[in-house]
Amino acid sequence: MTITMPSVSLMPYLPEIILLVTALLVLLVDTVWGDKRWLVWLAFLGTLVSGVAVWWLAQGPTLQLQDMLTADAYALFIDMVVLIVAAISLLLAYDWLIEHNEQQGEYVALLLFATVGMMTMGAAINVVTIFVALEILSLSLYILTGFARERLTSGEAALKYFLLGAFASAFFLYGAALLYGSSGHLDLIGIGQNLGTGGLMAGAGVALLLVGFSFKVALAPFHMWTPDVYQGAPTSVSAFMSVGAKAAGFAAFLRFFQVALAGSYAQWGPALAALAVLTMTWGNLAALRQESLKRLLAYSSIAHAGYALVGLAAGNSLGSSGLLFYLLAYAFMNLGAFGVAIMLEKPGSGDVMMSSLRGTSRQHPLLAATMAVFMFSLAGVPPLAGFFGKLYVFGAAVEANMAWLAIVGVINSALSAYYYLRVTVLMYMRDEEAGEEEVAVSKPPVLVFALVVALFFVVIVGLWPSVWMQMAQQAALIFG
Amino acid sequence: MIPLSWYLIVAALLFVIGFYGALSRRNAIAILMSIELMLNAVNINFLAFWRYLTPEDMAGQVFAIIAITVAAAEAAVGLALVIAIYRSRDTVSVDEVDLLKG
């Protein structure tokens, strides 16, 4: 038997390869260099170079690696979002790494590995590559979650995340096997062409895959791990995974449903709409009574997964591009909110209680104002980034004759305004007895810079949404 | 020749046993073992589908090999986490690892 080597060009995978090489370099430099501060900057440089490669790929024709990976506009848009997230997350983690950790090299390398996984999720056009990308991203995040070894809660969060994540992976894999059995293909286009109307086996396969995806992007009722993990993990890791893993998960989720299951929208559309309603409502109701800021942000991220899912459930092109825009807008505002949490948290505690927010505005007016902007954006107040994200996905629902879904979404946004405003009000409250206490805030320059960047983009994306929306529409064009 | 459905039934049974174990066990290692059982049940599915439906195309076989590799990596990370928990708390029971709730 002769085996002919297929001609393979790794060009479409260039951005990921650059990041991978950077991660390996970081590990290498870590062993020989004394000054660990440069590791973060090396990784930061890697994300920039990778970004240039993404830009370069966007100029040429669409490249594809067999039926495994692609570098189409959609993949490149996700690459952009994920690279921005990774770059800001590196800056957010910088000071915590320098002061409280001896293993900067591992942290930075794992963060880059997770980023490679996320970018691959966007580029994957085959169930095999989606699965491998999902695991690269998840395995790195499990370790990162447990990185604050001096805190018991960090290890606990990592264990919970790992057990539920591995459990979800098994569901995902079973779903993939059943789809393979009913279509004879593993690439998304092949599945789409051969699945037909699908039988019991195909239906079960899609349902199991949906469970796997739902775990990863934290949709109710598969969200149980989220609050514990976001609260226990180092705050910079919570920031990174709340936006990065969500963007990557939705990227593969959207591509899978739009390409492999385009023919059976009538079946999965209503199911996803129901999931979206359940997720937004559950997330928002649970967030109302949280006393920990990180836990509140965790439930808020569940609610936002619900809003984003509205775009997917709508199933039209405005829904797809709206979802992509939402992921971008959400990245900036949530990274910012977690960044403020990093500033406010007491060393060693790894968390911020709501009660300790009192009187922040008097001693740190700029910080309080910044947090207020992020909170308003998360609540969807115009003209900030979050408002347009919601506008587009709810608009898509109306366009798809699911006005009721948009109405539920708007009601939920109103509900969510309560707890976002509560954070703001607590910061601005002139409470005399509590106000005497010094609000401890660390303001290292790198962290401040990261926050300024996030703030800048929340405002810019809000003021000129059409520029970003055009990019998202370009990316969504591949679904035809 | 053994019909395809027999393989699928064995795989489904193994998966359900693993599922039950993952939900009912309290020991983190036992949960990990149950999850491995679920993953291996899927591998039977892949190989059976490959052999019976698309023997000329290697995709299913390759996916099974990749799944085994990923499961090994997962076990490495999982066991490391369990050891870290055991060192700090002297327990691997998930019932006693309960600082985070609300």
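**Exercise 1.** State how much area is buried between domain 1 and domain 2 of chain A, and describe the contact between them.

*Solution.*
Step 1. About 4,500 Å² is buried between domain 1 of chain A and domain 2 of chain A, and carbon and sulfur atoms give 79% of this area. Buried area is the accessible area (1.4 Å probe) that two parts lose on being put together, summed over both.

Step 2. In domain 1 of chain A, the residues that lose the most area to domain 2 of chain A are A:Phe77, A:Leu92 and A:Thr235, together 14% of what that side buries.

Step 3. The bounds are 12–260 for domain 1 and 264–480 for domain 2; they come from an automatic or database domain assignment. The centres of the two domains, taken over C-alpha atoms, are 21 Å apart.

Step 4. Contact (heavy atoms within 4.5 Å) involves 51 residues of domain 1 of chain A and 53 residues of domain 2 of chain A.

Step 5. Eleven residue pairs, both at pLDDT 80 or more, are in polar contact between the two domains of chain A. A polar contact is a pair of N or O atoms within 3.5 Å; within protein, one must be able to donate a hydrogen and the other to accept it, and residues adjacent in sequence count only if both atoms are side-chain atoms.

Step 6. On the side of domain 1 of chain A that touches domain 2 of chain A, two or more residues each come from α3 (73–100), α8 (200–217), α9 (225–232) and α10 (235–260) of chain A. The most, 16 residues, come from α10(A). Helices (H or I, at least four residues) and strands (E, at least two) are DSSP runs, numbered from the N terminus.

The model is predicted: local features need pLDDT of at least 70, side-chain atom pairs count only at pLDDT 80 or more, and totals for chains, interfaces and linings use all residues. Residues are numbered from 1 along each chain as its sequence is written, chains are lettered from A and ligands numbered from 1 in the order in which they are written, and side-chain values use heavy atoms, with hydrogens and water left out.

**Exercise 2.** Describe the contact between chain B and chain A.

*Solution.*
Step 1. Chain B gives 43 residues to the contact and chain A gives 39 residues.

Step 2. The area buried between the chains is about 3,500 Å², with 80% from carbon and sulfur atoms. In chain B, B:Phe63, B:Glu74 and B:Leu100 lose the most area to chain A, together 20% of what that side buries.

Step 3. Between chain B and chain A, five residue pairs are in polar contact (both at pLDDT 80 or more). The elements giving two or more residues to the side of chain B that touches chain A are α1 (4–24), α2 (28–53) and α3 (59–89) of chain B. The largest share, 15 residues, comes from α3(B).

**Exercise 3.** Trace the salt bridges that join A:Glu156, A:Lys160, A:Asp228, A:Arg295 and B:Arg89 into one network.

*Solution.*
Step 1. A salt bridge is a side-chain nitrogen of Lys or Arg within 4 Å of a carboxyl oxygen of Asp or Glu. The structure holds seven salt bridges over all chains.

Step 2. A:Glu156 forms a salt bridge with B:Arg89, with the closest N and O atoms 3.0 Å apart. A:Glu156 and B:Arg89 are both buried (under 20% relative accessible area; exposed is over 50%, partly exposed in between; 1.4 Å probe, protein chains only).

Step 3. A:Lys160 forms a salt bridge with A:Asp228, with the closest N and O atoms 3.0 Å apart. A:Lys160 is in helix α6 of chain A and A:Asp228 in helix α9 of chain A, so the pair ties together parts 68 residues apart in sequence.

Step 4. A:Lys160 is partly exposed, at 21% relative accessible area, whereas A:Asp228 counts as buried, at 10% relative accessibility.

Step 5. The side chain of A:Asp228 also meets that of A:Arg295 in a salt bridge (3.1 Å, N to O). One salt bridge is found across the interface of domain 1 and domain 2 of chain A.

**Exercise 4.** Locate A:Gln290 and list what it touches.

*Solution.*
Step 1. A:Gln290 is in the loop between α11 (265–287) and α12 (293–314) of chain A. A:Gln290 counts as buried because its relative accessibility is 3%.

Step 2. Its side chain reaches the backbone oxygen of A:Ala286 at 2.9 Å.

Step 3. Not counting residues up to four places away in sequence, A:Gln290 touches A:Arg295, A:Leu296, A:Tyr299, A:Met354 and A:Arg422.
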